[in-house]
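Open your viewer and get ready to make a few selections. We will start beside the ligand and then step back to take in the chain.

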Amino acid sequence: MLLCTQQSITQEVQIQELTDRNIRLLVKRDDLIHTEVSGNKWRKLKYNLDQCTSLKKEGVLTFGGAFSNHLLATASACHLAGLKSIGFVRGEELNVNSNETLLKCAELGMKLVFVSRDEYLLKEEKEYLEELQLKFPGFYMVPEGGSNYLGMIGCQEILSEIQETPDIIVVAAGTSTTASGICLSLDENQKLWVVPVLKSYSATENIRAILSRTAFETEMIDDYLERVTSLEEYHFGGYAKYDITLLNLIEECFFKYDLPLDPIYTGKAFYGLLNEVKKQDVKDKTILFIHTGGLWGAKKIFQKEKRAIF
Ligand SMILES: Cc1ncc(COP(=O)(O)O)c(C=O)c1O
């Protein structure tokens, strides 16, 4: 294994409003796996990189937006593994110097290919991918966000590293690949609260779609989904949107609980956790929050907002 997921400690966080309810809060700090290949990024890349190596490919080709955590993680993981990397970036108007994420990817040896938004939309089309494969035969292709079967299987391992048996697990969702992996490893009494960071997005529907593609029987999927709740009120207006309430909570978590969160994913999920505990009047439980990383981007946002944290 290239990076050690045991570096991801489980941190106990004592928040008065939770301890008053006899709730024990544990945080699986996957953000600590590695600075760049952090959080769910390494979980999703791990078996994809193994596959790349066993297929004897020279590197990984993948896709991402201008500030993509996944592009950076892929560039860094490939650099560590001695593999080449190519990143197809959404936006032909961009270049290597457009932001620090792209610059860092380039420094880590990633070849960046800037494509129009229209071309980028084709990134999941069979024909387009076949064309790319012909153009780059030595490269193993990983979808945007590392969101494929092997990505999900990597995320299935998260709970196996936890000594305790939490009653409720909380995680943020973009594509729901991480949540799908966790869902597969739940025992029958555990509940999974998934907090989508996009507006009008149902995590349960997306998990259903992901598991259906993986050839699970409908009955089995229904059984898994009985343990999952999609908490759809915590997107703060949609992807990459945030407000002062969210930034204040993140600041409080950083200074009071030594827990760094980001405003795009983990901050929203953490806000959802605190709110749902009150709303559902949860008591006497152990809750596990999965820290999926994203702190690289968070630093930039807090600098922009002129708040001195991180
Ligand atoms: C920091 C962070 N947390 C959570 C997610 C959501 O993961 P998923 O797309 O597997 O739902 C992402 C996106 O990959 C992310 O970058």
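A note on residue classes before you colour anything: Ala, Val, Leu, Ile, Met, Phe, Trp, Tyr, Cys and Pro count as nonpolar, Asp, Glu, Lys and Arg as charged, and the others, Gly among them, as polar. With that scheme, the shell around the ligand holds four nonpolar residues, 14 polar and no charged. The model is a predicted one, where local features need pLDDT of at least 70, side-chain atom pairs count only at pLDDT 80 or more, and totals for chains, interfaces and linings use all residues. Numbering starts from 1 along each chain as its sequence is written.

**First stop: the ligand.** Select the 18 residues that surround the ligand; a residue qualifies if its C-beta atom, placed from the backbone, lies within 6 Å. The closest are Gly 174, Thr 175, Tyr 265, Thr 292 and Gly 294. Elements giving two or more residues to this shell are α3 (69-81), β7 (168-173) and α8 (177-184). Which element gives the most to the shell? Pick α8, with three residues. Helices (H or I, at least four residues) and strands (E, at least two) are DSSP runs, numbered from the N terminus.

**Next: the domains.** Colour domain 1 (5-37 + 156-304) and domain 2 (40-146) separately; both give residues to the shell, so the ligand lies between them. These bounds come from an automatic or database domain assignment.

**Finally: the chain.** Zoom out to see 13 helices and ten strands. The C-alpha atoms fill a box of roughly 60 × 50 × 35 Å, taken along the principal axes.
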